[in-house]
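Me: I would like to go through this model with you by question and answer. Please give the cut-off behind each term when it comes up.

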Amino acid sequence: MKKIKIILLSIVIYIVGFVSGIYSLPILMAPASPSMLEFASATLETKYKAVIPDSLSGSDFLHFGVGTFSLSENKVIFQGKLAPGPDYQLYLSPKFVENESQFLKFKQEMTRVGEVKSFDGFILQLPQHVDIENYANLVVWCEAFQEFITAANYK
């Protein structure tokens, strides 16, 4: 009986350690977020602003975003905070989505902007072929776990 308790405790400790590693590794590997000067100069040419709504059905205490997106013809700037996690991607979407099922339903219509590596704000260059006028929403999505993180509407 004592061996079974030790084995079960070892398994629980392993699982807790593994989950903590998955959660903390992206935080440890994240590059520094842009400076206030970088944010200020990047937002000079802002064409659209979008604030993340307070209550999105797909967001929860582990998958969330709080802050503001600014869009120019060639950049997306995020000032705020994202829940840390692996393999975050930023998408432009013609339709507003607020959970995993909606994202997966309309993913074919979306355009991937780039990888999100910083959780306290970021600046991403838009791909050259992307026209922000063809879209109206931004979505942060975790590819590794197929999890909706957050979204905002800019038009």
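Me: How many salt bridges does the structure hold?
Reply: This is a predicted model, in which local features need pLDDT of at least 70 and side-chain atom pairs count only at pLDDT 80 or more, whereas totals for chains, interfaces and linings use all residues. Residues are numbered from 1 along each chain as its sequence is written, and side-chain values use heavy atoms, with hydrogens and water left out. If a salt bridge is taken as a side-chain nitrogen of Lys or Arg within 4 Å of a carboxyl oxygen of Asp or Glu, the number held by the structure is 6.

Me: How many residues apart in sequence are the parts that K47 and E73 tie together?
Reply: K47 and E73 form a salt bridge whose closest N and O atoms are 2.9 Å apart. K47 belongs to the loop between α2 (36-42) and β1 (48-51) and E73 to the loop between β2 (65-71) and β3, so the parts that the pair ties together are separated in sequence by 26 residues. Helices (H or I, at least four residues) and strands (E, at least two) are here DSSP runs, numbered from the N terminus. The separation asked for is therefore 26 residues.

Me: Which residues are linked with K47 and E73 in a network of salt bridges?
Reply: The side chains of E133 and K155 also meet in a salt bridge, at 3.6 Å from N to O. E133 is in the loop between β6 (122-125) and β7, while K155 is in the segment after β8, so this pair joins parts that lie 22 residues apart in sequence. The network that contains K47 and E73 is completed by E133 and K155.

Me: Is K107, the partner of E143, buried or partly exposed?
Reply: K107 and E143 meet through their side chains in a salt bridge of 3.3 Å, N to O. K107 sits in the loop between α3 (100-106) and β5 and E143 in the loop between β7 and β8, so parts 36 residues apart in sequence are tied together. Buried means under 20% relative accessible area and exposed over 50%, with partly exposed in between (1.4 Å probe, protein chains only). At 27% relative accessibility, K107 therefore counts as partly exposed.

Me: By how many degrees are neighbouring strands of the open sheet turned against each other on average?
Reply: The open sheet has 4 strands in the order β5-β4-β7-β8, with antiparallel pairing, where two strands pair if DSSP finds at least two bridges between them. Its edge strands are β5 (111-116) and β8, each of which pairs on one side only. With axes as lines fitted to C-alpha atoms (for helices over the stretch in contact) and angles from 0 to 180 degrees between N-to-C directions, the average turn between neighbouring strands of this sheet, direction ignored, is 20 degrees.

Me: Which residue of β8 is the bridge partner of L138?
Reply: Strand β7 (residues 137-142) runs antiparallel to β8, and 6 bridges join the two. Of the 7 residues of β8 (residues 147-153), 5 are buried, so this strand is largely enclosed by the rest of the structure. In β8, the bridge partner of L138 is A152.

Me: Which residue of the hairpin of β7 and β8 takes a positive phi?
Reply: Most residues other than glycine have a negative phi. The hairpin of β7 and β8 has 4 residues between its strands, and one residue there has a positive phi near 50 degrees. That residue is partly exposed because its relative accessibility is 35%, and its name is Q146.

Me: About what area does the nonpolar surface patch that includes I7 have?
Reply: Patches consist of residues with over 30% relative accessible area and no salt bridge, like charges being joined within 9 Å and nonpolar side chains (Val, Leu, Ile, Met, Phe, Trp, Tyr) within 5 Å. I7 lies in helix α1 (residues 2-29), and the patch is made by M1, I4, I7, L8, I11, Y14, I15, F18 and V19. With accessible areas from the Shrake-Rupley method (1.4 Å probe; for residues, only the protein chains shown count as cover), the patch comes to about 1000 Å².

Me: What distance separates the C-alpha atoms of Q79 and I123?
Reply: Q79 has its place in strand β3 and, leaving aside neighbours within four places in sequence, is in contact (heavy atoms within 4.5 Å) with F39, T43, V66, G67 and T68. Along the chain, Q79 and I123 are 44 residues apart, and the separation of their C-alpha atoms is 8.8 Å.
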